[in-house]
Amino acid sequence: MFKKILIANRGEIALRVIRTCKEMGIKTVAVYSKADAESLHVRFADEAVCIGPAPSNESYLKMDRIIAAAEITNADAIHPGYGFLSENAKFSKLCKEHDIKFIGASEEMISKMGDKATAKATMIAAGVPCIPGSEGILASYEEAEKIAVDMGFPVMLKATAGGGGKGMRAVWSKEDLKPAWDSARMEAKASFGNDGMYMEKLIEEPRHIEIQIVGDSFGKACHLSERDCSVQRRHQKLTEETPSPFMTDELRDAMGVAAVKAAEYIKYEGAGTVEFLVDKHRNFYFMEMNTRIQVEHPITEEVVDYDLIREQILVAAGVPISGKNYTPQLHSIECRINAEDPHKNFRPSPGKITSYHEPGGHGVRIDTHAYAGYTIPPNYDSMIAKLIVTAQTREEAINKMKRALDEYIIEGIKTTIPFHRQLMDHPDYVAGNYTTKFMEDFEIK
């Protein structure tokens, strides 16, 4: 087992990893930018190393500084959390070259699954259902037009190196294809330095449902059931729940088998998610694979009583998994609490938290690095907390979430708490009748 783990991240996920490490008797090293000197992950780690100024590209994305921090503190492993370097093949390789265990996917695995076109081809070979579309990267606009016409509109253009909705365009007619092609390529080039595009059939009334998987170094994988992540704004998740209100036993079995098949086909090691789009007829299609821990992993932990961070560490240390597949026995919902003003188009609201009170009670969990007096820097993602509730039924979970949101006090900045409170009363959400298009018609009051 590892003696000391460096957490190459910040905020709530860094604190989350530190907590599990402490429970396992493993020493921890925090890295931080100058803007994060007062963050709780710095306070609660056994050691802390400043790796640069506030901007991410001068601190949390500086691979050489993180490796140096690991070496000077004698850390024998690095946990990347999510975001930043968690799915960076070069960083995974660099850790290996310096004899530091990367608690995540290998360079080869990240490269194979990080490129969406390659990932799709791999999943087709594995026998996992995929969305009809182009075979690999489109060579030209003319090829894109021919495939779109043959397949039939609507179609979706996607950047092969994409993420966060960048380089994606829904196209409903042939006349709209060329402008969408040009703008998507331009955005992809600016965002990722890669304007490669591929095309898929646009799934109508889609739900975004992911399957949590864990694979070990012996080629075995299991799944921990699904999470419904369909409530999104600009392809960014706002709230998640498990089990999905759209799920049936038959669909869960089929999606679980497909996800495990995908993981075992590529000999995946670690925690990851196989992400699917599910249409209104409950046909499901592979979308992508995330080779890291997810923001929304706590709801899975709550319904199956399973510490995913602990499992990541064990697998990285060479411990085999049990191989058991899991079915949710409870219902859990997560609301992402962001420092944003929902009444002003979710504009970021960094600044000092002047008053802070967390909700409590049975079935309420808060993952956060925020506290009264903490100043939220403007340099990073605006999520400051995750509010997770768990109950026997979905109805009870929604009522518990309403109560918890009413108790959650964060003053000095604007947050998304009012939005989530309104969401919990929305009749379509309460009925479980929502898709990835839900937010398009949602009116903030």
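In this predicted model, strand β21 (residues 383–391) is a good place to begin: 9 of its 9 residues are buried, so β21 is largely enclosed by the rest of the structure. Two strands that pair with β21 can be described in turn. Strand β14 (residues 331–338) runs antiparallel to β21 and is joined to it by 8 bridges. Within this pairing, Ser-332 of β14 faces Thr-390, which stands opposite in β21. Strand β19 (residues 364–368) is also paired with β21 in the antiparallel sense, here over 5 bridges. In that case the residue opposite Asp-367 is Lys-386 of β21.

A single residue, Ser-355, gives a closer view of another strand. Ser-355 belongs to strand β18 (residues 355–357). With a relative accessible area of 26%, Ser-355 is partly exposed; the term buried would require a value under 20%. Once neighbours within four places in sequence are set aside, the contacts of Ser-355 are with Ile-409, Ile-410 and Glu-411. Tyr-374 lies 19 residues away from Ser-355 along the chain, and the C-alpha atoms of the two are separated by 9.5 Å.

Turning to the start of the chain, an open sheet of 5 strands is found with parallel pairing, in the order β3-β2-β1-β4-β5. Its edges are formed by β3 (47–52) and β5 (101–102), each of which pairs on one side only. Further in, strand β1 (residues 4–7) and strand β2 (residues 27–33) are paired in the parallel sense over 4 bridges. Leu-6 has Val-29 of β2 standing opposite.

Helix α1 (residues 11–23) lies across three strands, β1, β2 and β4 (77–79), and runs at about 170 degrees to β1. The helix has 13 residues and spans 19 Å from its first C-alpha to its last, close to the 18 Å expected at 1.5 Å a residue. How much of α1 is buried? The count is 10 of the 13 residues, so α1 is largely enclosed by the rest of the structure. Among these buried residues are Ile-13, Ala-14, Leu-15, Val-17 and Ile-18, and the list also includes the residues Glu-12 and Arg-16. After α1 comes Gly-25, with a positive phi near 75 degrees.

A second open sheet has 3 strands, ordered β7-β6-β8, and its pairing is antiparallel. Here the edge strands are β7 (169–171) and β8 (197–201), each pairing on one side only. On average, neighbouring strands of this sheet are turned by 25 degrees against each other when direction is ignored. Strand β6 (residues 155–159) is paired with β8 in the antiparallel sense over 5 bridges. One of the matched positions joins Ala-159 to its bridge partner in β8, Met-197. Helix α7 (residues 141–151) packs on this sheet, where it touches β6 and β8, and the direction of α7 makes about 5 degrees with that of β8.

The last part of the picture concerns helix α9 and its surroundings. α9 has 17 residues and reaches 24 Å from first C-alpha to last, close to the 24 Å expected at 1.5 Å a residue. Its buried residues include Leu-251, Arg-252, Met-255, Gly-256 and Val-260, together with several alanines, among them Ala-258, Ala-259, Ala-262 and Ala-263. The cover over these buried residues includes helix α6 and the strands β9 (207–215), β10 (221–233), β12 (270–278) and β13 (284–290). Following α9 is Lys-267, which has a positive phi near 55 degrees.

How, then, is α6 placed against α9, and at what angle? Helix α6 (residues 116–126) and helix α9 (residues 249–265) pack at about 105 degrees, with axes 10 Å apart. Angles of 65 to 115 degrees count as roughly perpendicular, and this makes α6 roughly perpendicular to α9. On the α6 side the contact is made by Thr-122, Met-123, Ala-125 and Ala-126, while α9 contributes Lys-261, Ala-262 and Tyr-265. By character, the residues of this contact divide into 5 nonpolar, 1 polar and 1 charged. Ala-262 thus appears both in the contact with α6 and in the list of buried residues of α9.

How values were computed. Residues are numbered from 1 along each chain as its sequence is written. This is a predicted model: local features need pLDDT of at least 70, side-chain atom pairs count only at pLDDT 80 or more; totals for chains, interfaces and linings use all residues. Side-chain values use heavy atoms; hydrogens and water are left out. Axes are lines fitted to C-alpha atoms, for helices over the stretch in contact, and angles run from 0 to 180 degrees between N-to-C directions. Angles under 35 degrees count as roughly parallel, over 145 as roughly antiparallel, 65 to 115 as roughly perpendicular and the rest as oblique. Contact means heavy atoms within 4.5 Å. Ala, Val, Leu, Ile, Met, Phe, Trp, Tyr, Cys and Pro count as nonpolar, Asp, Glu, Lys and Arg as charged, and the others, Gly among them, as polar. Two strands pair if DSSP finds at least two bridges between them. Buried means under 20% relative accessible area, exposed over 50%, partly exposed in between (1.4 Å probe, protein chains only). The expected span of a helix is 1.5 Å times one less than its number of residues.
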